[in-house]
Amino acid sequence: MSQVFSPEPATSQPRLSAVIRSEGGGGRNFGRFYVVHMLGSVFPLTAGAILYGWRAMAVLMMALASTLFFTLVWQRIGRRGGSLHLPHAIWLAILMTMMLPPHLLVGRDIKDLLAGGTTWMIVPAACLLLVLMLWLTGGVGFSRVHPLLLTQLTLVLFFYPYFHPHLVLHRTRMLTGDLANVIHNDRITESIRAEPWIASRDEPPTDAIYIPRVASQQLIDYTQLRHGTNSGWISVEGLVRDAMPPLEDLVVGGHPGPIGASSAIAVIIGGLFLLYRGLIDYRIPLVAVIITFAAFLLLPVPAAIHETGAQWRPLVLARVDLATIVTFANYELMASPLLLMLFFLATSPSICPMGRKAKVVFAIALGLLTAAFQLYLSTSFGPYVALLLAGLLSPWLDETFRTRPLI
Amino acid sequence: MPLPPRLIIPARSPDPKPKPAGTVLQKGQSLLESPGGPSAPARSKIIGERIVSLTNGALAYSVALEIDAPDAESSLAAEQLTVSAADLPTMDLPGILDRLLHSGVWADRRGVPDLIGQLNRACKRPIDTIICNCIDHEPPLRPNTVFASHFGHIIFSAIGVLKKAMNAKTALFVLDQAVPPSLHEALSHFAKESGVQIALLPVRYPQADPTLLLYSLLARPLKPGFLPVEHGALVLDAAAALAVGNSLLFDQPMLHVPVAVRDRLRNESQYVLAAVGTPVRDLLDWLEINPDRSAVFCGDLLAQNLATADTVVGASELKIHTLPPSSDSPSTPCVRCGWCVDQCPMAVHPARLLEASQQEDKHMALSAGLEYCIECGICSYICPSQLPLASSIRKLKVM
């Protein structure tokens, strides 16, 4: 009998049967690139529609219409105008909507709502800024700085108080409720729930509920020693146990946040879809999440805050039980737009390096920067600042960590 | 396939010279002044010498023939004959080489880099492994599997003879691990008879490239462009083994070659025996494929080896693809997505190679892995900007 053996193939190329779908035509092009990205964003946007109702979708529609208009205008301006592509601009407008708070068509907060807020103007202004940034940076792949990050951070700089969402629809009114319907008998329906949103059984008098201090605010207030308590001191155990919402609200949804980043599961499904379609590299989200998680444990945070000061220690060295440490890190991961940034922004062409090793190093740097900015600067916007800086490292990483040929 | 009215038979080298124009040849008579080499497949007249392009894009010195008996059908001796293990002749390598040269057997394609060159080199250095590369990585088109199922006895006998002659330790017949069990069983029988091992590989394009094949099977680092014998292995494919078997076992010259044609307009695959020197245009006409209404590519589709008007079938690529002509959409600048780098089976940096090509910077090209590129074409295929990466790399290589 002849010997039969099955050695492993040398490489991990795509199977040709899977690659040749178009019978000899191009494998991928930018049309498909944007369409698949848009399909990936359907999952977090659907979660946004469920949690925030039609007003969130109205933000999306307004952003799309404004971007379309401004792109058509700016396409005619200068030689750079020719580099503006509608599909790219539309895709970035969708991404930007995912990063915006859902209450922009409601008002800054409840006081503004009563006064008739004009925060809706932020949406077209953001779109104008986005198209301007796109025009300046030259479109996809031409700049190491993501035009959307520049837009978002500029918006935050100017409209910081308007970018903290507090409203979410009640579970029984999801999708169909109105986010502005939050006042009953001249009183705001506030909620600091102990039970997860998904399990809530009460019948609220209004469609939406108002959460005065959201998880991201609680976390940054704690690490910036601004967390006020009645007793005058707070520990990390106290923060995790008493101040934070149920973790399920951040994982599944039900806690106010940006339109596309309120449900971690939806973001992960969208990211997995992009991975499955081969559009993004798994190394960046995977390595960055692991490194960020580890950095949350290793970077010094206040183990307890007293009236006289705080005890800054890495959590793994503080006298805190393991469950609390892991829960704190989980809150940091879920309360920020980290996952959205990793799956949808950090994997963008020209932001991340091209080589495999360089991508891993980039993800490590991004993870460390994200953890640092999240802990010490802003939980809500730290990941965007981290990506802005990490993207600048890409050319150097590509040059330093070159791919080595197989043989 | 019947013989076309004209054949342009490529020769491996311009020496020795062919017989003068106007010479009438009988079937099997050599085209050259000296005996041996390519021969006429039927009664025919030499009408001149040409330079034609082969199916791998290379140019070759050729002899044009006018066929007097165009209705003669192609056939291979192997179809009618059988051979048993006891019949395997014992020959030395120089003797085999002489016989093959006399029969006009040669092959030079991606799966079999310069067969005669390999055998020549094998006379001077030890060869421990013979690899018959029967991988088909384009699922609708399986020429190696089809040839192996039809001519398995000849192919395995040829490998057995070569193994004996080279005193090789191992002879491997490499197959896609997804071949039907019945075929595997049938081939196992031949393998046992001829002392050949069957190696199953999960097939991923471009696994059949000798560089990747040697790396996968033997962990030997064969640089693209070098002969596998430099690393102690002789590589041939089913069609080459068939030609060798016909020559060594039945003393048959290489008059015909099996050709696989994939018509993507009709979504059909066809396998034909075509006379060496048949213009691709005539072959497609006979298969009722209009070459003027389709783009014709030879070899692996992703390698984008476009056939020209004078391309002829011979010892080079035996796969032909016909596609609907596509309107070339313009390329857009590189966006540094890194997909080409990510998908490159040799882990070179195609985007940097393109940049080197644009700047005509050979040093940058070498640092990006130019000499390791196997020109599989995956980078061009995968590029969302539709940049001509593979063609730029080819240009760099001839710079």
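Which strands of chain B does helix H4 lie across? Helix H4 of chain B, residues 143-166, lies across E9, E10 and E12 of that chain, and it runs at about 135° to E9(B). Keep in mind as we go that this is a predicted model.

Let's stay with chain B and look at the sheet under discussion. Four strands make it up, and it is an open sheet: walking across, you meet them in the order E10-E9-E12-E11, with mixed pairing. The edge positions belong to strand E10 (268-275) and strand E11 (295-298) of chain B; each has a single partner strand, so one side of each is left without a neighbour in the sheet. Direction ignored, neighbouring strands here are turned by 25° against each other on average. As a general reminder, strands of a sheet pair through backbone hydrogen bonds, either parallel or antiparallel.

The mixed character of this sheet is easy to see if you stand on E12(B) and look both ways. Towards E9 (residues 256-263) of chain B, strand E12 (residues 319-323) of chain B runs parallel to its partner, and 4 bridges join the two. To find this pairing on screen, start from B:Ala260, whose bridge partner in E12(B) is B:Lys319. Towards E11(B), the pairing is antiparallel, again with 4 bridges. Here a handy landmark is B:Ala295, which has B:Leu323 as its bridge partner in E12(B). E12(B) is also mostly covered, with 4 of its 5 residues buried.

Elsewhere in chain B, take a look at B:Leu212, which sits in helix H6 (residues 210-218) of chain B. Is B:Leu212 buried or exposed? It counts as buried, because it has 27 C-beta neighbours inside 10 Å, and the cut-off for being buried is 20 or more. B:Leu222 comes 10 residues away from B:Leu212 in sequence, and their C-alpha atoms are 8.1 Å apart in space.

Now over to chain A, which has 16 helices and 8 strands. Of its 407 residues, 50% count as buried. Take the contacts in chain A between residues at least 6 apart in sequence: 77% of them join residues at least 24 apart.

A good place to start in chain A is helix H13 (residues 322-335), and its packing against helix H9 (residues 236-243) of chain A. The angle between H9(A) and H13(A) is about 60°, and their axes are 10 Å apart. That angle makes H9(A) oblique to H13(A). The crossing of H9(A) past H13(A) is left-handed. On the H9(A) side the contact is made by A:Val236, A:Glu237 and A:Val240, while H13(A) brings in A:Thr324, A:Thr327, A:Phe328 and A:Tyr331. Sorted by class, that contact has 4 nonpolar, 2 polar and 1 charged residues.

Helix H8 (residues 215-223) of chain A packs on H13(A) as well, at an angle of about 125° and with the axes 9 Å apart. H8(A) is therefore oblique to H13(A). Its crossing past H13(A) is left-handed. Which residues make this contact? From H8(A) they are A:Ala215, A:Ser216 and A:Leu219, and from H13(A) they are A:Tyr331, A:Glu332 and A:Ala335. By class, the contact of H8(A) with H13(A) has 4 nonpolar, 1 polar and 1 charged residues. If you have both contacts on display, pause at A:Tyr331: it is part of the contact with H9(A) and part of the contact with H8(A). In general, an α-helix has 3.6 residues a turn, so residues three or four places apart point the same way.

Next along the chain is a helix worth a stop of its own, H14 (residues 338-345) of chain A. All of it is covered: 8 of the 8 residues of H14(A) are buried, so this helix is largely enclosed by the rest of the structure. The buried residues are A:Leu338, A:Leu339, A:Leu340, A:Met341, A:Leu342, A:Phe343, A:Phe344 and A:Leu345.

Finish with a sheet in chain A. It is open, with 3 strands in the order E6-E7-E8 and antiparallel pairing. At its edges stand strand E6 (234-235) and strand E8 (310-314) of chain A; each has a single partner strand, so one side of each has no neighbour in the sheet. Strand E7 (residues 300-305) of chain A pairs with E8(A) in the antiparallel sense over 5 bridges. To pick out that pairing, look for A:Pro300, which stands opposite A:Pro314 in E8(A).

Technical notes:
Residues numbered from 1 in each chain as written. Chains lettered and ligands numbered in written order. Predicted model: local features only at pLDDT ≥ 70, side-chain atom pairs only at ≥ 80, totals over all residues. Axes fitted to C-alpha atoms, helices over the stretch in contact; angles between N-to-C directions. Parallel < 35°, antiparallel > 145°, perpendicular 65-115°, else oblique. Left-handed = near helix turned anticlockwise from the far one by under 90°. Contact = placed C-beta atoms within 7 Å. Nonpolar A, V, L, I, M, F, W, Y, C, P; charged D, E, K, R; others polar. Pairing = 2+ DSSP bridges. Buried ≥ 20, exposed ≤ 12 C-beta atoms within 10 Å, placed from the backbone.
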